[in-house]
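Morning, everyone. Please have the sequence and the 3D view open. I'll take the ligand, then the domains, then two backbone details.

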Amino acid sequence: MSEYLEKARVYEMDAEQMIKAEERPFFHLSPRSGWMNDPNGFSMYKGKIHQFYQYYPYKTQWGPMHWGHAVSEDFVKWDYLPAAMAPDENYDNFGCFSGSAIEMQDGRQMLVYTAVREEEKDGEEIIRQTQCLAFGDGVDYEKYPSNPVIDAKGLPEGWSPVDFRDPKIFRFEDDDHYSLVVGGRSDDGSGSILLYESMDGIKWDFVTVLDRCRKEYGSMWECPDFFELDGKYLILTSPQSMQARTLEFHNGNGNIVVIGNYDRKLHKYTREGVYAIDFGLDFYAMQTLKAADGRRIMTAWMQSWESSHAVPEGQRWFGQMILPRELRIKDGRLYQMPVREIESYRKDHVAYKDVYLNKSVVLPGVNGKVCDMELEICPNGPEYTEFRVEFHADSQFHTDFIYHPKDGVAIFDRTYAGFANDINNKREFAVRYQGGKIKLRILLDRFSAEIFVNDGENAFSAVVNAPKEADGIRFFANGNVKMNLDFWKI
Ligand code: FRU
């Protein structure tokens, strides 16, 4: 093991002790110490769920990227493992950027990552991104001595060697070879997804440009994923520099799913639709795995780059993942719901039926910062103009989810969620009109809220920072509303 990695492993063990359990999210993965961004290597290995992550253990800021590591048996409770990689080679001196992992037939786990090398030439800083490997046993990894395995020579003509990153390795069930999708910047300056194939994971052949941004959805496409789901082929990617359109694709670093078809013989991808995946303030760099029971499970970084400077004072960790979600395609659209495993953590069930709301209501037994709830709202008589639920609330703090049925919009507002920074606090998104009815699933953790509308038709994730005393939950309607509620603490 290199000195560089050993230093990180020693440091993180000590630093972890300085963070009290109650100062972290309860069921969302956060870094062992310091900084976390993208999920990496989200995959099954020897029956366990592995999740690596972009990691700088020493500070709550982005720095030379390491890979942090955690394992889980149920997507909910995570155990830290020692940092898996450090930027300790010449070819990755600027960082071990994002990538993926796969269990090999010989029992080893293979990590595929982007090595970023920085060098100075004639006073100019030159960056090169290449794809590299490391092999290990689920805890310790050795970088492949002949790294990189894909460099500029493996790029199609005109593609940039500076923006060439985030390899996702996979195998279609009936394939005898590995496939790999990597984000690239094409000759028109915008993002694209490059597909490679390999028999052994070492020698890779470029196959095709799977899809291209053509300056329509942001610029560089980061963190691609590609898989089959319910008879469709999906590309997930996180575009930089997006421009908002109506209420979809908010500005900046965003997220999209491309739903389409793929001819595996001709390697031809045909788009059917492009949609935002999560409308929240904090959601980026999605990655999926196929669970042993066949479910397609997605994780993502629950943080936006734009507000990633807003580290709450005194906090010794920064960055967290969403609670992984089960994905489905229904009526040509992506549906997502929290993994069902969270349900076995539910306790203190409280149920209310036909609660009439025409003012602010607090319900006995319904409070807390770590909880799960299912709500069904319907108009009671003439249509109402607003339904609102406030959580992480006390007399000073509250975070609001607001629904305006007539406008067909939902609004998330964290203006009073405890951030002492002028970050983006509010977002609106479109909700399909169903006669004023709306179904919500709300998952709260100490530092976040995840909201699922109408059985996963829309999802919304955001981090919050209200103090631990702000644990109230209030309901309100303008007009007459009837509400059914199932509530659990977690
Ligand atoms: C996305 C990203 C990736 C890159 C990593 C670096 O958030 O920019 O493209 O590999 O973060 O930490």
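First, a term: I call a residue near a molecule if one of its heavy atoms lies within 4 Å of it. Also, keep in mind that this is a predicted model.

So, which residues are around the ligand? Start with N37, D38, Q54, W62, M65 and F97. Then add S98, R165, D166, E222, Y284 and W305. By type, this shell holds 5 nonpolar, 3 polar and 4 charged residues.

Now zoom in on the polar atoms. The side chain of D38 has an N or O atom 2.7 Å from an oxygen atom of the ligand. For W62, a side-chain N or O atom is 3.0 Å from a ligand oxygen. For E222, a polar side-chain atom is 2.9 Å from an oxygen atom of the ligand.

How much of the ligand does the protein bury? Taken alone, the ligand exposes 320 Å². The protein buries 94% of that. Three elements give two or more residues each to the shell. They are β1, residues 34–45, then β5, residues 95–103, and β9, residues 164–170.

Next, zoom out to the domains. The domain assignment gives domain 1 as 3–341 and domain 2 as 346–489. Their C-alpha centres lie 31 Å apart. Each side brings residues to the contact: 34 from domain 1 and 34 from domain 2.

How do we put a size on that? An interface's size is often given as the accessible area lost when the parts come together. Here, about 2800 Å² is buried between domain 1 and domain 2. Carbon and sulfur atoms give 60% of that area. On the domain 1 side, look for L247, F279 and L281. Together they supply 25% of the area that domain 1 buries against domain 2, more than any other three residues.

Last, the backbone. Most residues other than glycine have a negative phi, and most peptide bonds are trans. Now find the peptide bond from N147 to P148. That bond is cis, with omega near -5 degrees. P148 sits in the loop between β8, residues 141–143, and β9. Then go to R214. R214 is not a glycine, yet its phi is positive, about 45 degrees. Look for R214 in the loop between β12, residues 205–212, and β13, residues 221–229.

That's my tour. Thanks.

Methods. Residues numbered from 1 in each chain as written. Predicted model: local features only at pLDDT ≥ 70, side-chain atom pairs only at ≥ 80, totals over all residues. Heavy atoms only, no water. Polar contact = N/O pair within 3.5 Å; in protein donor to acceptor, adjacent residues only side chain to side chain. Areas by Shrake-Rupley, 256 points an atom, 1.4 Å probe, with all protein chains shown as cover. Helix = DSSP H or I, 4+ residues; strand = E, 2+ residues; numbered from the N terminus. Nonpolar A, V, L, I, M, F, W, Y, C, P; charged D, E, K, R; others polar. Domains from an automatic or database assignment. Contact = heavy atoms within 4.5 Å. Buried area = accessible area lost by both parts, 1.4 Å probe.
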